[in-house]
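Trainee: Could you show me how to read a few backbone features in a protein model?
Mentor: Sure, let's look at one together.

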Amino acid sequence: LSLWFFHTIRGLMHQLTHSSPFLRVAGPGHSVTATVGQDVVLPCHLSPQRDARTLEVRWIRDKFSEIVHHYRNGEDLYGEQMGAYVGRTELVRDGLSAGSLDLRITGLRPSDDGQYVCIVRDAHAYAEAIVELEVAGADPHLSLGGYEAGGVRVLCRSAGWYPLPQLLWRDARGQHLPSVSQTHSQDQEGLFEIEGAVIMTGNVEGPLSCVVRSSRLQQEWKFSLHIAAPFFHNAQPWKVALALIPVLFVVFIGLGVYLFRKQAGIYEKLTPLIHALLFFFTCKRKRCRAVKVTLDPDTAHPLLVVSPDNKSVRRQTERQQVPDTRERFDCWCCVLGREDFREGRHCWLVEVEYFCWAVGVARASLKRKGWIDMSPEGGIWAVQYYEGQLSSLTWPRTPLSLSPVPTRIWVCLDCTQQQVSFINADNGVEIFTFTEASFNGESIRPWFCVVQCSVQLCLTDSTPQNLSAALGGSCPSPDTPASPLLGPAGAAQE
């Protein structure tokens, strides 16, 4: 009865809206499509344009008639919000003065699929618009399954789909590659998970792409990775033997010089040649400089407790009584490192826990107050672990398939090449690399975010020796990735 009454009142108010010249709301005119795990913005605006900061705005689910987000007189009200959306919604404030009523939903779930109603009212009028959100399954995840049949077995998995999608493989020229296996399963909610495998050999040029195609949405999602040539050498050991020949050649030359350097002046004559060969084979890649990084407590959110030695930070439930300076974060639980860098290559080691966190770098001029755009566009280059998913803070987010999730991470900053790389310190595997980062000549500082209470991040003292052990001797570069599995493109989503 209450639901009938609600819809009856909505219908009457909707009729009044069309007869009122004072308030009108418009949606996008088409459905909005996004994938599981990403963030999405549902567009809605006043027509004609006017200041909406003093209006009351409600976003509701049309199917459930329950509140997704409630805004009134410049304040967000959460008392009646649906439990499924707690902590996941935000009215985009930047556009309110221009009549924009956009709603941001973070960490999309399959259950978010459906209709949303944008309702606006003031003392004299009421208006609404419907926005259709279509949630696709999670972006495809690629992983390596080991050597097989003279190549590398590559696995692709994606979940959260209905109906069952297609899974295809393509090479760099767009040609389809045959799957060696393909399976699917259905969960209790009726959503499908699909997984396929392909054998990639050294004859396949360029990146390999896994494509998931949805018949319901008439769209497809693609995820690509490039497997570097050294990985195929392990599948064909004779190539490794050939690669060792130049190294042995250099060793024999050095031994011969040592035996005869006191005779006939051979050492002096061959020294330039030896140095050139050694540089080519052993000094091709520029090494990072391991630096000592400490936390800046003056930037820490009041919920964050920085240790006395400024080497670790944890989140608590009660706010500390600290000065609210312009340097301090007041919305997101973030803290910056004291050090800032403008040039050179620098790496530092961070120890994390299996909960919710984010680590990386940020511009020194990063916004500290209010909502922060956690992406390269907002001046942050980082990776995060949230709700069981490791991803890079690109826009949209790029899910990363690593098992187990690393707990010791090298953060490598290359100011010269404008790159930020993340390396699993336990095995030297590249996690993700931001290329062509827009530092714009600004100072760059370490950046940390603690999302969940009791989670702790620790900075570990590092030396060039243990850094070399973790990274195989150097930080990654576009020409020589530290990981033998992933090439310069890493697992970047196209």
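Mentor: We'll go through backbone angles, a hairpin and a buried loop residue. This is a predicted model, where local features need pLDDT of at least 70, side-chain atom pairs count only at pLDDT 80 or more, and totals for chains, interfaces and linings use all residues. Residues are numbered from 1 along each chain as its sequence is written, and side-chain values use heavy atoms, with hydrogens and water left out.

Trainee: What is the phi of N310, and is N310 buried or exposed?
Mentor: Most residues other than glycine have a negative phi, and most peptide bonds are trans. Here, N310 has a positive phi near 60 degrees. At 15% relative accessibility N310 is buried; buried means under 20% relative accessible area, exposed over 50%, partly exposed in between (1.4 Å probe, protein chains only). N440 also has a positive phi, about 55 degrees, but N440 is exposed at 58%.

Trainee: Which residues does a cis peptide bond join, with omega about -5 degrees?
Mentor: Y162 and P163. P163 sits in the loop between β13 (151-161) and β14 (166-170); strands (E) are DSSP runs of at least two residues, helices (H or I) of at least four, numbered from the N terminus.

Trainee: How do β16 and β17 pair?
Mentor: Strands pair if DSSP finds at least two bridges between them. β16 (181-186) and β17 (192-200) are antiparallel, with six bridges, and they form a hairpin with five residues between them.

Trainee: What does V36 touch?
Mentor: Contact means heavy atoms within 4.5 Å. Leaving aside residues up to four places away in sequence, V36 touches several residues, including L108, P110 and V135. V36 is buried, at 19%.
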